[in-house]
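Q: Hi! Could you walk me through this one? I'd like to start with how the chains meet.

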Amino acid sequence: MIRAALLATAALVCSPSWADGGGDGSEWLNRMMTAAQQLSYSGTFVYQSGGQSETSRVVRIVDEQGERERLEVLDGSPREVVRINDEVRCYLPADRRVVIERRASRRAFPALFSRISKGIQDHYTVRVGEGERIAGIEARQLVLEPRDSLRYGYQLWADAESGLLLKARTVDEKNQMVEQFAFTQVVVGSSAETGDTVSKLQGQSSGWRVESLDVPQESRGESPWRLRQPVPGFGKISESVRRLQDDGGEIRHIVFSDGIAAVSLFVGPASRASAAKPSAVRQGAINIYSRRVGASAVTVLGEVPMVTVRRFAEAMELRQP
Amino acid sequence: MKELLSALMDGEFEKAAAQKVLDAMDALPDLQRVWGIYQLIGAVLRGEPLLSAGFGERCREKLAREPAVMIDRPSDGVRSQSSVTWAAAAAVAGVGVVVWAALGMQADHGRDFAMPGAASSRDVQPLVFRDEGERAEYLLAHQGVSPSGMLAGFSHYARTVARIGGGEGAAGR
């Protein structure tokens, strides 16, 4: 707790204050990124999309032992996501399924966890909005407006003191809401007990099917895949492979980003594709498009408009020898 | 030539023949006007809603920005005749929204007609995951590398397991 407080204090001293209106939007974005990574907090928030909403409780503790988090969906069928450092587990009782993702540590992929660069201003205009109270906390608004139709816009409200993101709304080109996260109640700081981050569903998961994603291995050298045409504003930031535990094949995971939004390109055996025809679906702000390329299935997903994921998918091809 | 236009509208051409008709339309503006009239007649006969003239300009601007990869390519042998007809409409940008209506593009409720990148294009089917586990795998792997996901912190995992906000064909229930 002391460490977290020192870090938060250092951030306040070294960075422009929200309250005095100083600094540009990029610096405040980095304040928010730092807060998300270093602060402990607990609260209740509402996730909205497609005219519906779900309420969840979240607890996050950062201390000498690392990071522990737990999210519990309070509406509808019970669902839970638990993270202990580099391992994330999703408990899905309705499907009798546990999905485990072991992510690469931050040391292995430094580019993914670096500051949000000022380069995002090539693709978004970043401006400071009005102050507002969110969940009883004084917040400052930051607005990211896309410069083209390949990406969404963002309205972000963060705690003026700690920088913790309190409310985030993703909007399309007509400024209509695509999805929104908003705390209704939150306490910043490690007031939660360690036991609050322990899974409540793990005890009943005996006999459930466990699906596990191995730690991704960074892929070095030239990729066998490339984009026939680059998608403006998106640069490649990583490429890794993961072995599938059931059949021993591998999934290649290529990530592009414009600094805020990310697009993941998954390439795997075509047997995993549903059909020869391209297919698509939306999940909140995430659009997903899948097509077959030879013996492979290319599945593209990201928090960008459907036209963008489709453009990535259509451009993917095997590099000719 | 008008008979050829009619056949093109009905999707009766193979790709190579359809391209020849399109090339002719490029050279003869009058044919474009006739194409537009045929599409309008088709829309009226099918009782499809016609949008205001104001939308047409925005639609044409969006079509003009669409990359060439969205149009049928000879290397992709999976495309159907109906998708060639769609590609022909995109090429004749001057006809605007009426063309979309005549091709039976699905309207997104309360919003404009679907654009070329949307899931409701005739040549794209709804994606259905094997089960919730597979969907969660993809979303989890992506969540860990997304800057906006990291910015929002752990709250964004609510989307990974959400039963709301799914588009057509979503595995969520």
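A: Happy to! Chain B and chain A bury about 6,500 Å² between them, with 61% of it on carbon and sulfur atoms. Keep in mind that this is a predicted model.

Q: Which residues of chain B lose the most area to chain A?
A: Those are Leu151(B), Phe154(B) and Ile164(B), which together account for 13% of what the chain B side buries.

Q: And how many residues does each chain bring to the contact?
A: Chain A brings 88 residues and chain B brings 63 residues.

Q: Let's turn to polar links. How many salt bridges are found across the interface of chain B and chain A?
A: The rule finds four salt bridges there. In a salt bridge at 3.3 Å, N to O, the side chain of Arg310(A) meets that of Asp123(B).

Q: What about residue pairs in polar contact across that interface?
A: There are 16 such pairs between chain B and chain A, counting those with both residues at pLDDT 80 or more.

Q: Which elements of chain B each supply at least two residues to the side that touches chain A?
A: Four helices and a strand: helix H4 (53-65), helix H7 (132-143), helix H8 (147-152) and helix H9 (157-160), plus strand S1 (125-126), all of chain B. H7(B) gives the most to that side, with eleven residues.

Q: How does the side of chain B that touches chain A split by class?
A: On that side of chain B, 28 residues are nonpolar, 19 are charged and 16 are polar.

Q: Back to S1(B): which strand of chain A is joined to it?
A: Strand S18 (residues 279-283) of chain A is, through two bridges, and the two strands run parallel. In that region, Ala280(A) stands opposite Pro126(B) of S1(B).

Q: New topic: Arg252(A). Where does it lie, and is it buried or exposed?
A: Arg252(A) is in strand S16 (residues 250-257) of chain A. Its relative accessible area is 12%, which is under 20%, so Arg252(A) counts as buried.

Q: What does the side chain of Arg252(A) make polar contacts with?
A: One partner is the side chain of Glu239(A), at 2.6 Å. Another is the side chain of Ser219(A), at 3.1 Å.

Q: And which residues does Arg252(A) touch, leaving out those up to four places away in sequence?
A: Besides Ser219(A) and Glu239(A), Arg252(A) touches Ser223(A), Pro224(A), Trp225(A), Ser240(A), Val241(A), Leu265(A), Phe266(A) and Val267(A).

Notes. Residues numbered from 1 in each chain as written. Chains lettered and ligands numbered in written order. Predicted model: local features only at pLDDT ≥ 70, side-chain atom pairs only at ≥ 80, totals over all residues. Heavy atoms only, no water. Contact = heavy atoms within 4.5 Å. Buried area = accessible area lost by both parts, 1.4 Å probe. Polar contact = N/O pair within 3.5 Å; in protein donor to acceptor, adjacent residues only side chain to side chain. Nonpolar A, V, L, I, M, F, W, Y, C, P; charged D, E, K, R; others polar. Pairing = 2+ DSSP bridges. Buried < 20%, exposed > 50% of the residue type's maximum accessible area, 1.4 Å probe, protein only.
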